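Here are some exercises to work through with the model open beside you. Try each task before you read its solution.

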Amino acid sequence: MSTRNLIALFDNENQKYLVSYCHWDGHPLDNGQELLSSYNDYDKAMELVKGGDMSSLGDYFGDGHDVVVIDDIMELIKHEIKENKKCPCIEYIYLFVEKTWLCWDWHWSPNMAVLTNVEDVIREYKENVRGNE
């Protein structure tokens with residue numbers, strides 16, 4: 001079963017957010033850990049997101065033209081909250097900003113636009129504070 005997620009980055013040059021879709025392994029214990037270990041600086045994160053839509057991290061099925069450019073990441077999260085009330089689609093949104101990966105976790109905050117440091121989210125899942133969805 002897929003754990004759909006969005007991977008986003010704040011583009012310092014254009015002052016916009018770039019967003020790509022990732023179909024598999026969106027759980028923080030999967031993609032969250034992989035983002036921290038393999039895409040832990042701005043250039044690596046930018047290369048990942050600019051590649052476009054992915055089956056799994058780095059495994060692209062798009063052509064890079066499917067990257068979405070937005071002004072406000074919180075509006076995107078609010079949109080997903082609204083959509084997930086009809087049919088849960090995107091479970092996690094990861095955002096790289098200022099040398100840090102952040103995460104919106106639909107399971108933890110289905111009605112709030114809250115971004116949390118991915119390291120904290122991973123720790124909470126490992127300690128079973130957030131549960132095992």
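**Exercise 1.** Which residue forms a salt bridge with K16, and how far apart are the closest N and O atoms?

*Solution.* Before starting, note that this is a predicted model, in which local features need pLDDT of at least 70 and side-chain atom pairs count only at pLDDT 80 or more, while totals for chains, interfaces and linings use all residues. Residues are numbered from 1 along each chain as its sequence is written, and side-chain values use heavy atoms, with hydrogens and water left out.

Step 1: recall the criterion, a side-chain nitrogen of Lys or Arg within 4 Å of a carboxyl oxygen of Asp or Glu. Step 2: find the partner, which is D71, with the closest N and O atoms 2.4 Å apart. Step 3: place both residues. K16 lies in strand 2 and D71 in the loop between strand 5 (68-70) and helix 3 (73-86), so this salt bridge ties together parts that are 55 residues apart in sequence. Helices (H or I, at least four residues) and strands (E, at least two) are DSSP runs, numbered from the N terminus. Step 4: check accessibility, where buried means under 20% relative accessible area, exposed over 50% and partly exposed in between (1.4 Å probe, protein chains only). K16 is partly exposed at 30%, whereas D71 is exposed at 55%.

**Exercise 2.** How many salt bridges does the structure hold? Find the one that K78 makes, and then look at helix 4.

*Solution.* Step 1: the total is 4. Step 2: K78 pairs with E75 at 3.7 Å, N to O. Both residues belong to helix 3 and sit 3 residues apart, about one turn of the helix. K78 is partly exposed, with a relative accessible area of 45%, and E75 is partly exposed at 45%. Step 3: in helix 4 (residues 118-126), D120 and R123 are also 3 residues apart, about one turn of the helix. Their side chains meet in a salt bridge of 3.7 Å, N to O. D120 is partly exposed at 31%, and R123 is partly exposed at 38%. Step 4: follow the shared partners, and D120, R123 and E127 join into one network of salt bridges.

**Exercise 3.** Is strand 1 largely enclosed or open? Identify the strands that pair with it.

*Solution.* Step 1: 7 of its 7 residues are buried, so strand 1 is largely enclosed by the rest of the structure. Step 2: sort the side chains by direction. In a regular strand the side chains alternate between the two faces of the sheet. Here N5, I7, L9 and D11 point one way and L6, A8 and F10 the other. Step 3: look for pairing, which requires at least two DSSP bridges between two strands. Strand 2 (residues 16-22) runs antiparallel to strand 1 and is joined to it by 7 bridges. Strand 6 (residues 92-97) pairs with strand 1 in the parallel sense over 5 bridges. Step 4: take I7 as a marker. Its bridge partner in strand 2 is S20, and in strand 6 the partner of I7 is Y94. Step 5: inspect the hairpin of strands 1 and 2, where 4 residues lie between the strands and Q15 takes a positive phi near 55 degrees.

**Exercise 4.** Where is S2 found, and which side chains make polar contacts with its side chain?

*Solution.* Step 1: S2 is in the segment before strand 1 (5-11). Step 2: S2 is buried, with a relative accessible area of 11%. Step 3: the side chain of S2 makes polar contacts with the side chains of R4 (3.2 Å) and H23 (3.5 Å). A polar contact is a pair of N or O atoms within 3.5 Å; within protein, one must be able to donate a hydrogen and the other to accept it, and residues adjacent in sequence count only if both atoms are side-chain atoms.
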